[in-house]
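Colleague: I have some time for this model now. Could you take me through it by question and answer?

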Amino acid sequence: MRKPIIAGNWKMNNTASEGVELVNALKPLVKDAKCEVVVCVPFIDIPAVKKALRGSKIKLGAQNVHFAEKGAYTGEISANMLKEYGVQYVIIGHSERRQYFGETDETVNKRTLAALAAGLTPIVCIGESLEEREGGLTEKVLSAQIEKDFAGIEDLSKIVVAYEPIWAIGTGRTATDEQANETIGFIRKRMKKVYAGKNVGRMRIQYGGSMNPKNCKGLMAQPEIDGGLIGGASLKAPDFAAVVNYDK
Ligand code: PEP
């Protein structure tokens, strides 16, 4: 059995005090959640949000991590730095990082290996653009990402994959339940083939892309979908709680 996981990606939103306010509002609303709940916050919010999360089951995540252990990488944050602050999850390879910050499959792979080595759980984002989907290239694009991004990982149950069609992120345009289920089914099948014997059966795959209180029930009812990575709807406590409580 794979335990569903709903993670919020705050992106570059919420100062530390706003973040504390948000999690304080969120805590009572998700206290009976059956799924795993994570908030992935800006680096600078981590200490304050960590403190505010005390006594709740909500887990703390970051939105990026550097692949080197330490050294001359001005402005970067290492996996050990996150670990020492009690961070448990880290988003890697979000399409915004690929688009605006030169993230490549190679750096996604290096960051993922570094996060695992430090004992963090990477949430690795993959997905196709609208052009690629319309050109019938979805499976080809995903297969290439699968081969490069997850190379060298011994136990794939230690990572979470977020399938995020780029055309659905922040656009209000969600993949249909069937599209998301079918594509995630493809990812799992392909990964089982490429990474046979590496525990793919226990690896969770989330859907991400304009998931919200209205569409979460349908998406989460799909057998292949193990959770959601939530952007916009994670910024309001009642909306994020409604997604977390999709089963109520
Ligand atoms: C995301 O940023 O990962 C995301 C899915 O955003 P949104 O929910 O706003 O589409």
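Modeller: Gladly! Let's agree on one term before we start: a residue is called buried when its relative accessible area is under 20%, and exposed when that area is over 50%. Please keep in mind that this is a predicted model.

Colleague: Thanks. Is glutamine 206 buried or exposed, and what is its relative accessible area?

Modeller: Glutamine 206 belongs to strand β7. Beyond its sequence neighbours up to four places away, glutamine 206 touches a list of residues including Ile5, Ile123, Val161, Ile184 and Gly228. Buried means under 20%. Glutamine 206 is therefore buried, its relative accessible area being 0%.

Colleague: Now the helices. How far apart are the end C-alpha atoms of helix α8, and what should its residues span?

Modeller: Helix α8 covers residues 177-194, which makes 18 residues. At 1.5 Å a residue these should span 26 Å, and the expectation agrees with the model because the end C-alpha atoms are 26 Å apart.

Colleague: Which elements cover the buried residues of α8?

Modeller: The buried residues in question include Ala180, Ile184, Phe186, Arg188 and Met191. Their cover includes strands β5 (121-126), β6 (160-163) and β7 (204-208), together with helices α6 (130-134), α7 (138-149) and α9 (216-220).

Colleague: α7 is in that list, so let's look at that helix too. What should the residues of α7 span?

Modeller: α7 has 12 residues, counted at 1.5 Å each. Its end C-alpha atoms are 16 Å apart, and this agrees with the expected span, which is also 16 Å.

Colleague: And which elements do the buried residues of α7 pack against?

Modeller: The buried residues of α7 are Thr138, Val141, Leu142, Ser143, Gln145, Ile146 and Asp149. They pack against strands β5 and β6, and against helices α4 (95-100), α5 (105-117), α6 and α8.

Colleague: Let me pick one of them. Which residues does glutamine 145 touch, sequence neighbours up to four places away aside?

Modeller: Glutamine 145 sits in helix α7 and is buried, with a relative accessible area of 8%. Its C-alpha atom is 19 Å from that of glutamine 179, a residue 34 places away in sequence. The residues that glutamine 145 touches are Arg98, Asp105, Ile126, Gly127 and Phe150.

Colleague: Aspartate 105 appears there. Which side chain is joined to that of aspartate 105 by a polar contact of 2.7 Å?

Modeller: Aspartate 105 lies in helix α5, and at 17% relative accessibility this residue counts as buried. Leaving aside neighbours within four places in sequence, aspartate 105 is in contact with Arg98, Gln145, Lys148 and Asp149. The polar contact of 2.7 Å joins its side chain to that of arginine 98.

Colleague: Over to another aspartate. Which backbone nitrogen does the side chain of aspartate 45 reach, and at what distance?

Modeller: Aspartate 45 is in the loop between β2 (36-40) and α2 (46-52), and is buried with a relative accessible area of 0%. Apart from residues up to four places away in sequence, aspartate 45 touches Trp10, Asn13, Asn14, Thr15 and Ala16. Its side chain reaches the backbone nitrogen of alanine 16 at 3.2 Å.

Colleague: Asparagine 14 is among those contacts. What is the phi of asparagine 14 near?

Modeller: Asparagine 14 is in the loop between β1 (5-9) and α1 (16-29). Its phi is positive in a residue other than glycine, with a value near 80°.

Colleague: Now the ligand. How far is an oxygen atom of the ligand from a polar backbone atom of serine 210?

Modeller: Serine 210 is in the loop between β7 and α9. This residue has a positive phi near 55° and is buried, with a relative accessible area of 18%. The distance from its polar backbone atom to an oxygen atom of the ligand is 2.7 Å.

Colleague: How much of the ligand's exposed area does the protein bury?

Modeller: A polar side-chain atom of asparagine 9 lies 3.3 Å from an oxygen atom of the ligand, and a backbone N or O atom of glycine 231 lies 2.8 Å from a ligand oxygen. Taken alone, the ligand exposes 290 Å², and the share that the protein buries is 96%.

Colleague: Last one: which residues come nearest to the ligand?

Modeller: The shell around the ligand divides into four nonpolar, eight polar and two charged residues. Of the 14 residues around the ligand, those that come nearest are Lys11, Glu164, Gly170, Ser210 and Gly231.

Note on methods
Residues numbered from 1 in each chain as written. Predicted model: local features only at pLDDT ≥ 70, side-chain atom pairs only at ≥ 80, totals over all residues. Heavy atoms only, no water. Helix = DSSP H or I, 4+ residues; strand = E, 2+ residues; numbered from the N terminus. Expected span 1.5 Å × (residues − 1). Buried < 20%, exposed > 50% of the residue type's maximum accessible area, 1.4 Å probe, protein only. Contact = heavy atoms within 4.5 Å. Near = heavy atom within 4 Å. Polar contact = N/O pair within 3.5 Å; in protein donor to acceptor, adjacent residues only side chain to side chain. Areas by Shrake-Rupley, 256 points an atom, 1.4 Å probe, with all protein chains shown as cover. Nonpolar A, V, L, I, M, F, W, Y, C, P; charged D, E, K, R; others polar.
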